[in-house]
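Work through the following exercises with the sequence and the model open beside you. Try each task on your own before reading its solution.

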Amino acid sequence: MIAFPDHLAEASCRGTNRSSGRAGEILASYYFERCGMPCSIVDRFGTDIWARSPGGQYFSVEVKSARTQPALPDSYIFTVRNKKADQFVLVCSDNSLIRILSRDALTRLCPGGSFRRKGSFFTEELMWEDISRLKAAYS
């Protein structure tokens, strides 16, 4: 597993949504780049990252970051108001793992604005499966 760099973890835990969101975008783009998918972090409503698959297709990504809350231990709450991106990356700031969902999968999971996931949803094995599935979808 990749350790979340200290300065990103601090930004994520300091409390501002903007800083934790940016830290999540950096982590997601790191995983994409590491797996051969060049990407750029952008500031567009509903899109945080533009990425290119190994096959050359471009897709948009929205990143959502969460950390555990004292009231709900081992639970992560994600709020998704805009479902316009092609792919959605959920970042677990506590352990530096991500999950990747297509727009359709996210819409089924979260027809409203928020949803909750247990810590067991974020494993290294599931993360790498998601990345492999994403690469296959765009090849």
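**Exercise 1. A pair across two strands**

Which residue in β5 does Ser65 stand opposite?

Solution. Ser65 stands opposite Val91 in β5. To place this pair, look at how β3 and β5 are joined: six bridges link them, and the two strands run parallel. Two strands are said to pair if DSSP finds at least two bridges between them, and the strands themselves (E, at least two residues), like the helices (H or I, at least four residues), are DSSP runs numbered from the N terminus.

Before going on, note that this is a predicted model, in which local features need pLDDT of at least 70 and side-chain atom pairs count only at pLDDT 80 or more, while totals for chains, interfaces and linings use all residues. Residues are numbered from 1 along each chain as its sequence is written, and side-chain values use heavy atoms, with hydrogens and water left out.

**Exercise 2. Confidence and overall layout**

Find the mean pLDDT of the protein chain, and list the order of its elements.

Solution. The pLDDT is the predictor's confidence in each residue, from 0 to 100. Its mean over the protein chain is 86, and 87% of the residues reach 70 or more. Residues 7–14, however, have a pLDDT below 50, and this stretch has 11 contacts in the model beyond near neighbours in sequence; a contact means heavy atoms within 4.5 Å.

Next, count the elements: the protein chain has four helices and seven strands. Read from the N terminus on, they run α-α-β-β-β-β-β-β-α-β-α.

**Exercise 3. Building the sheet**

Work out in what order the strands of the open sheet lie, and which of them form its edges.

Solution. Five strands form the open sheet in the order β1-β2-β3-β5-β6, with mixed pairing. The edge strands are β1 and β6, each of which pairs on one side only. On average, neighbouring strands of this sheet are turned by 30° against each other, with direction ignored; for such angles, axes are lines fitted to C-alpha atoms, for helices over the stretch in contact, and the angles run from 0 to 180 degrees between N-to-C directions. The helix α4 packs on the sheet, where it touches β3, β5 and β6, and its direction makes about 40° with that of β6.

Now take the strand pairs in turn. β2 and β3 run antiparallel and are joined by four bridges, and in this pair Ala51 has Phe59 of β3 as its bridge partner. Five residues lie between the strands of this hairpin, and there Gly56 takes a positive phi near 95°. β5 and β6 also pair in the antiparallel sense, over six bridges, and here Val89 has Ile100 of β6 as its bridge partner.

**Exercise 4. The nonpolar core**

Which strand gives the most residues to the largest nonpolar core?

Solution. A nonpolar core is a set of buried Ala, Val, Leu, Ile, Met, Phe, Trp, Tyr and Cys residues joined through side-chain atoms within 4.5 Å. The largest one here has 35 residues, and those with the most contacts inside it include Phe32, Val89 and Ile98. Several elements each supply at least two residues of this core, among them α2 (17–34), β3 (58–66) and α4 (124–137). The strand β5 gives the most, with five residues.

Val89 shows how the parts meet: leaving aside its neighbours within four places in sequence, Val89 is in contact with residues including Ala28, Phe32, Val61 and Ile98. In soluble globular proteins, nonpolar side chains tend to be buried together.

**Exercise 5. Buried or exposed?**

Decide whether Ser96, Asp74 and Arg44 are buried, partly exposed or exposed.

Solution. Buried means under 20% relative accessible area, exposed means over 50%, and partly exposed lies in between (1.4 Å probe, protein chains only).

1. Ser96 lies in the loop between β5 and β6, and because its relative accessibility is 3%, Ser96 counts as buried. Its phi is near 65°, a positive value in a residue other than glycine.
2. Asp74 lies in the loop between β3 and β4, and because its relative accessible area is 42%, Asp74 is partly exposed. Asp74 has a positive phi of about 60°, although it is not a glycine.
3. Arg44 is found in strand β1 (residues 39–44), and because its relative accessible area is 60%, Arg44 is exposed.
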